[in-house]
Amino acid sequence: MSITRLNCGYVPLVDSAPLIVAQELSFAADEGLSLNLLRQPSWAALRDLLALGHLDVTHMLAPMPIAMSLGLSGPVAQIDALMVLSVNGTVIGVSNAMAASMRDKGWPGGFSSPKDTVGPLLSALDRPLRVGVPFPYSMHRLLFEYWIGHSGHALPTDIHIITTPPPLMADAVAADEIDVFCVGEPWGSVAVANNVGELILPGTAIWAHAPEKVLAARHDWVEEHTSTVGALMRAVARAAAWLDVPKNRPLAIEILARSAHLDLPHAALDHALMGRFATQLGAAPVDVPGFLRFHDRAANFPWRSQAAWIGAEIARLAGMDRDHAISVAQNTMRPDSYRQHLGPMGIDMPGASAKIEGALTNPVAVASTRGEMILGPDAFFDGATFDFTALE
Amino acid sequence: MKIAVIEPDPDRARDIIDALMEGGWTDVVVLGDVTGLARKLAALDPDLVLIDLANPSRDALEQVSVASAAQSRPVAMFVDRSDDEMTQAAVTAGLSAYVVGELQPERIKPVLQTAIARFQMMSQMRNELEAAKQALADRKTVDRAKGMIMRAKGVSEEDAYALLRKTAMSQNRKVIDVAQALLTASDLLS
């Protein structure tokens with residue numbers, strides 16, 4: 001069997017794991033693929049190289065294919081999200097000074113209550129809040145804006161959203177450039193370990209099942225390389241399933257920590273992959289269920305309704321037409337391709353390709369091809385639901 | 001036209017400035033330290049921002065607005081859809097450009113062409129330097145391995161190298177890899 005080599009871009013974060021594991025544990029080789037893993041210094045660099053054809057496939061922030069397809073980010077290119085690589089996995093934190101002001105305003109502390117946290121957050125400072133996010137079109141930003149926007153509090157006139165590369169986030173807090181940081185692990189825990197910040201919420205507290213990263217490729221390339229796309233998706237799905245077996249996580253940490261990949265100490269990767277966080281330096285760790293999923297709860301399925309939610313939020317932030325954004329967004333997700341390539345290998349498929357986002361406060365068994373699918377929880381912090389089908 | 005160059009390496013920054021000066025663009029400012037990038041850019045108020053494609057601070061430029069004269073001018077990545085060749089050349093050379101406000105493509109193109117040429121030259125020099133460094137490091141490794149064989153087997157330098165070469169050829173490996181393996185094994189056993 002001849003080997004097809006794919007240029008595969010990723011940003012060194014914990015949730016690039018499915019691609020790295022697919023290559024390192026030979027799930028890719030089993031499908032006749034070799035992933036040439038190319039670490040990228042920024043999302044913008046990765047985006048440009050994908051759009052211009054230097055990369056074939058990439059790990060990508062879930063809102064990016066939608067922003068690119070809408071012409072909002074970089075070279076205009078129609079980008080497909082073939083599958084979701086990971087769900088959740090982000091944290092929100094504040095500087096130590098900000099945490100002290102929030103306590104003065106009655107914040108009880110803790111790591112699970114968006115409703116009790118937002119009031120003190122918004123009233124802590126008598127100047128505009130400066131919020132660090134990794135990229136303008138990231139779930140980190142969308143979740144933060146959704147939380148503030150649906151909190152029932154009067155919105156401050158200006159919140160400064162400041163894009164900060166994740167590895168520099170803790171430094172930006174230390175240099176008093178930002179008050180709040182929304183970031184993927186391990187960079188939130190790094191701010192805690194450096195004693196510059198305190199974690200206030202996991203992303204799951206705002207949306208319990210938020211698509212975080214996707215497997216992205218140019219639409220034209222996907223159409224021209226159907227069998228390669230199928231092989232890649234099977235390899236990545238197997239890697240994702242492997243990653244969600246708890247006993248495999250220590251080996252996953254071992255592989256990811258290597259210098260060729262994330263190049264980080266093991267301890268930095270523990271928090272995300274074990275779902276245990278010290279929110280303050282020296283504090284007892286707390287467990288966050290479902291902090292980072294790679295496969296379970298149909299995590300890899302590219303729901304059109306997830307894309308629609310992202311499209312609607314981007315439209316609100318960018319002042320675009322909502323229906324147009326939703327229509328472009330839902331076409332970036334490719335549940336058709338997912339069913340075609342992963343159905344035959346026995347992966348359980350849901351009955352529909354869209355669902356009511358936010359409807360499940362608990363895990364629920366749903367109709368599926370094998371009858372084994374459990375979805376949820378996927379609730380929003382404010383109890384709202386997003387019914388995409390009702391929009392059609 | 002005011003051009004800001006974001007480049008932490010002073011030598012590279014000087015190279016880029018020189019090229020732009022020769023091209024007739026004299027209003028060039030270098031930002032070496034990227035902390036508070038948005039704030040610094042607002043103070044500089046440039047028309048064009050040049051940055052290495054591989055600079056980790058690129059994302060920070062993605063949604064910056066430069067406020068000047070009470071009006072906010074967005075910073076956008078320069079993509080001239082009519083000139084795909086130049087976009088590709090820029091990416092290959094490792095250059096990305098951000099335009100502030102509504103600067104005309106005709107005014108940007110010559111600047112970019114100059115910068116692309118300089119970036120190409122710099123990346124070639126960087127590759128050559130890396131290759132030279134690697135060659136030097138490889139030679140040291142091979143020398144150490146040769147010395148080890150000479151001591152262990154009491155043979156001449158020439159014979160020691162011949163042995164390394166023979167082993168490499170029979171295992172279909174490079175001399176440097178065999179030398180490295182020998183040093184690693186000896187470190188483990190010592």
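1. In this predicted model, A:Leu342 belongs to helix α16 of chain A, which spans residues 335–342. The residue is buried, with a relative accessible area of 0%. Beyond its neighbours within four places in sequence, A:Leu342 makes contact with A:Met83, A:Met233, A:Arg234, A:Ala237, A:Ile347 and A:Met349. A separation in sequence may also be set beside one in space: A:Arg322 is 20 residues away from A:Leu342 in sequence, and the C-alpha atoms of the two are 32 Å apart.

2. A second residue for attention is A:Gln306, located in helix α14 (residues 304–318) of chain A. Its relative accessibility is 0%, and it therefore counts as buried, the limit being under 20%. Apart from neighbours within four places in sequence, the residues in contact with A:Gln306 are A:Val84, A:His209, A:Pro211, A:Phe301, A:Met333 and A:Glu357.

3. Helix α13 of chain A covers residues 266–274, and its buried residues include A:Ala268, A:Leu269, A:Ala272 and A:Leu273. These four lie on the same side of α13(A), because the arc they cover around the axis is only 115 degrees. The packing partners of the buried residues of α13(A) are α12 (249–257), β11 (276–277) and β13 (292–293) of chain A. Just after the helix, A:Gly275 adopts a positive phi of about 65 degrees.

4. Which strands make up the open sheet of chain A, and in what order? The sheet has six strands arranged as β2-β1-β3-β10-β4-β13, and the pairing is mixed. At its edges are β2 (33–39) and β13 of chain A, each of which pairs on one side only. Within the sheet, strand β4 (residues 79–88) and strand β10 (residues 211–218) of chain A are antiparallel and share seven bridges. A:Asp80 is found opposite A:Ala217 of β10(A). Strand β13 of chain A thus links two points of this note: it is an edge strand of the sheet, and the buried residues of α13(A) pack against it.

5. Strand β5 of chain A (residues 90–95) deserves separate comment. Six of its six residues are buried, so that the strand is described as mostly covered. β5(A) pairs with strand β8 (residues 180–184) of chain A in the antiparallel sense over five bridges. Five bridges also join β5(A) to strand β9 (residues 197–202) of chain A, again in an antiparallel arrangement. A:Gly93 has a partner in each of these strands: A:Phe181 stands opposite it in β8(A), and A:Leu199 stands opposite it in β9(A).

6. The largest nonpolar core holds 164 residues, among which A:Leu121, A:Trp147 and A:Trp309 touch the most other members. Helix α11 (residues 226–243) of chain A supplies the largest share of this core, namely eleven residues. Nonpolar side chains tend to be buried together in soluble globular proteins. Setting aside residues up to four places away in sequence, A:Leu121 touches A:Val94, A:Met98, A:Met102, A:Leu129, A:Phe144, A:Trp147, A:Ile148, A:Val180 and A:Ile200. A second core, separate from the first, has 24 residues and includes B:Val5, B:Ile17, B:Val28 and B:Ile116.

7. How many disulfides does the structure hold? Over all chains there are zero. Two cysteines of chain A may be noted in this connection. A:Cys8 is buried at a relative accessible area of 0%, and A:Cys182 counts as buried because its relative accessibility is 1%.

8. The domain assignment divides chain A into domain 1 (4–87 + 210–263 + 293–347) and domain 2 (90–205). The centres of these two domains, taken over C-alpha atoms, are separated by 27 Å. Their contact draws 22 residues from domain 1 of chain A and 16 residues from domain 2 of chain A.

9. For chain B, the assignment gives domain 1 (3–128) and domain 2 (132–189). Here the centres, again taken over C-alpha atoms, lie 46 Å apart.

Definitions and conventions: Residues are numbered from 1 along each chain as its sequence is written. Chains are lettered from A and ligands numbered from 1 in the order in which they are written. This is a predicted model: local features need pLDDT of at least 70, side-chain atom pairs count only at pLDDT 80 or more; totals for chains, interfaces and linings use all residues. Side-chain values use heavy atoms; hydrogens and water are left out. Buried means under 20% relative accessible area, exposed over 50%, partly exposed in between (1.4 Å probe, protein chains only). Two strands pair if DSSP finds at least two bridges between them. Contact means heavy atoms within 4.5 Å. Domain bounds come from an automatic or database domain assignment. A disulfide is a pair of cysteine sulfur atoms within 2.5 Å. The arc is that of the directions from the helix axis to the C-beta atoms. A nonpolar core is a set of buried Ala, Val, Leu, Ile, Met, Phe, Trp, Tyr and Cys residues joined through side-chain atoms within 4.5 Å.
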